[in-house]
Every structure is written in C-alpha cells, then in structure tokens.
Amino acid sequence: MAKVLVFIDNPGLALKKASLELLTIARSLGEPVVAFNGELHDGVAAALAAYGAQTLYVPSATDLDNYLVGPKASYLAAAVQTSGATVVLTENSAEAREIAARLGIKLGAGVITDVVAVDPDGTAHKSVLAGSYTTTARATTPAAVLTVKSNSITPEPAATGTAPATVTVVVPDPAAAASARITARSEKAASGRPDLTDARIVVAGGRGVDGNFGPVEELADALGAAIGATRAATDAGWIGHDAQVGQTGKTVSPQLYISAGISGAVQQKAGMQTAGLIVAVNKDAESPIFEIADFGIVGDLFKVLPQATEEIKKRRG
Ligand code: FAD
C-alpha cells in the first residue's frame, strides 16, 4: 500500500485539529506515516496511534527549530527517502507552504497548495481565485506534496488503533548547511481566547470599528470566541496580522461567524464563507456582506455589539 507521509511540526501537548484532518486524509490515500518534529508528549503519541499512524519518523538532529525552513525541508526529503512515501501532506500555513516548495525541488515532486479535498486516487481539489472556484489537479511525478487547508474535512480516528514504531531519520547537520538561523525569539502574549483557525465561534471586526476593537473583544469574550479581522483593520495596525481572515489571511470555518463593520469583499469572503452561520452587523443596508449573511443587522456596531454582549452575559448568568 502506498505510504503517505504527514508532517507534524511541534504540536505541543495535543495534536491540532488540522493535523488530525491530515491523518484522516492520509488513511484514505494509503498507509499513514508521520514525520514528527519536536517533543513527543503522551497525548500526542496517543492521538497518532488512534489516528492510525504506522510509523513515526523523527530527525537525528534536535535543533531544526533553531533555523528557518531549509533544514525542515531537508528532514522531510530524508524521511520520504527512508519511508518510500509517495505523497506528503502538510498544513497550508505560510511556513508549511515554503517547506513544501523546497521539498518539491529536492524530490522533483509536484506541489499542490491550497488543497481543500483529496480523492482516494490522489486527485487534489484546490480552491482558487479567492475561493470563487475549485479546480482539480493531480501530480504526475513519482511523489506529490500537498498542503491542505484546515477545516477541509471532519477528522475521524482509525477503526483500529496502532502502536507506531519510531524510526530515526539521519538529517544533514543544519549548522553545516547554508540555512538562515534564528537568533532571537519573543513570546507572544497569550490572549486566553481560542485559536482562530480552530474556534467554534469567531467575532470579526473590519474598518467599521474605526480603531476600536473593544466591542468586538467584549462580545468575543462573552461567547468564548476567537477574534478575526479584515485586512483593512490589520493593515491599519488596529489588531495583529495573525487575526486576518481571508484570501491572504487565515481560512476559518466556525459554526458561527459574527462580522461587524465589514463590507464583505471577495477576498474577505474567501476566508469565512464556509462558516455554519454568518451574522452581519453593518450600518449600510446595501453592503454586500448581507448577500451571504444568514442574519443581518442594519445598525451601528457600537450600539448593536454591546447590547448583544450584555444580553448574552445576562442569559449566561
Ligand atoms: P471596508 O470595505 O471599508 O468596509 C467597512 C464596512 O464597515 C462598510 O461596509 C461600512 O458600511 C461599515 N461600517 C462603518 N462604520 C460602521 C459602524 N459604526 N457600524 C457598522 N458598520 C460600519 N481583505 C481581507 O479581509 N482579507 C484578506 O485576506 C484580503 N486579502 C486581499 C488580497 C488582495 C490581493 C487584495 C487586493 C485585497 C485583499 N483584501 C483582503 C482587502 C479587501 O479587498 C477589502 O479591501 C477589505 O476586506 C475591506 O475590509 P473592510 O470590510 O474592513 O473595509
């Protein structure tokens, strides 16, 4: 059976939903094996076994994280050679896509990014033009590298768990390679809110918040939601770029997406139109956001959001 190599990079204490999705897709394509980087905690090992990982490859070098993408691509290339995998699956983050590109060159493999589904024969469905179209593509090379958008499928554990054997992959010494080394790191302050890409509820603000994300934050906290934003808001410096949802930001697929002061440009919709329920608050009744909203409130977000927050807090006691 064809081996499918899933790259899991520094998951911490628990596997992310995105990794569980990759393992689920891997099982539909062949025998899932994992190229792991980082510290393997018990919860992660248990999830890998539950999701059917057959083999766990780990790098001989433990300092890959001290470098930018180059050494990780070399590690994956070595893991493909050791395992004989014909498909590599990674996340679709900016870093993972860069690793995928370098890996593609090293292996002479076709690389398909922005994948939203994969057929059992390896045909990838890829979202293009700000999510307006889905195209199909299939690599004709002996190996293929696919970067898969999160929230593409519902992750499902394997029918029978596994006890994956660990195999060490010899990787070139990163210090000897011409790789950019990370010289300093600063810890990002924890918000205490859920991760944007995994959140069940997202409250997002746009240019309409006019520099004040306070009402968006208060509603998000009342709902236990993550905060999203448009590029107009992140470019203005009102909130960090990691909150950007859309074509050049994150793709989210929450059960509930509350959009406040957002016009609904195609590039914003590309990142959120698969949300289960979309609620839009905009003072302009003609705003295009209302075309995709399940519930629309024509009004000033500075009046609507605090009222909603108050009511939710009251009901939650
Ligand atoms: P606007 O379009 O200015 O809309 C603001 C809205 O707020 C208006 O509808 C207004 O009626 C409403 N409003 C104002 N005041 C209030 C109030 N008090 N109460 C209620 N409503 C109010 N954008 C993204 O979001 N994500 C992306 O990833 C992205 N990628 C892009 C990539 C490219 C290549 C390009 C060209 C553009 C990209 N954009 C992206 C930008 C996108 O085209 C839009 O410019 C942007 O989404 C607009 O953001 P906005 O809705 O916040 O602002």
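In this predicted model, helix 5 (residues 214–223) and helix 9 (residues 301–316) have axes that come within 9 Å and cross at roughly 20°. With angles under 35 degrees counting as roughly parallel, the two helices are therefore roughly parallel to each other. Their crossing is left-handed. Helix 5 brings Pro215, Val216, Glu218, Leu219, Ala222 and Leu223 to the contact, and helix 9 answers with Phe302, Leu305, Ala308, Thr309, Ile312, Lys313 and Arg316.

Thr309 offers a helpful way into this pairing. This residue is found in helix 9 and, leaving aside neighbours within four places in sequence, is in contact with Glu218, Leu219 and Ala222. Thr309 has a relative accessible area of 5% and is therefore buried, the limit for that term being under 20%.

Helix 5 also belongs to a second arrangement. Together with strand 10 (residues 201–205) and strand 11 (residues 226–229), helix 5 makes a right-handed β-α-β unit. The two strands of the unit pair in the parallel sense over 4 bridges; Gly205, for instance, has Ala229 of strand 11 as its bridge partner. In a regular strand the side chains alternate between the two faces of the sheet. Strand 11 shows Ala226 and Gly228 pointing one way and Ile227 and Ala229 the other way, and all are buried.

Turning to the sheet with more strands listed by number, 9 strands form an open sheet with mixed pairing, in the order 7-6-5-8-4-1-2-3-9. Strand 7 (133–137) and strand 9 (165–169) stand at the edges; each has a single partner strand, so one side of each is left without a neighbour in the sheet. From one strand to the next, the twist averages 40°.

Within this sheet, strand 1 (residues 3–9) and strand 4 (residues 87–91) run parallel and are joined by 3 bridges. Val6 has Leu89 of strand 4 as its bridge partner. Two helices can be placed relative to these strands. Helix 3 (residues 70–83) lies across strand 1, strand 2 (31–37), strand 3 (55–59), strand 4 and strand 9, and runs at about 150° to strand 1. Helix 4 (residues 94–107) packs on the sheet as well, touching strand 1, strand 4, strand 5 (110–118) and strand 8 (144–148). The direction of helix 4 makes about 175° with that of strand 8.

Technical notes:
Residues numbered from 1 in each chain as written. Predicted model: local features only at pLDDT ≥ 70, side-chain atom pairs only at ≥ 80, totals over all residues. Heavy atoms only, no water. Buried < 20%, exposed > 50% of the residue type's maximum accessible area, 1.4 Å probe, protein only. Pairing = 2+ DSSP bridges. Right-handed = clockwise from strand over helix to strand, strands pointing away. Axes fitted to C-alpha atoms, helices over the stretch in contact; angles between N-to-C directions. Parallel < 35°, antiparallel > 145°, perpendicular 65-115°, else oblique. Left-handed = near helix turned anticlockwise from the far one by under 90°. Contact = heavy atoms within 4.5 Å.
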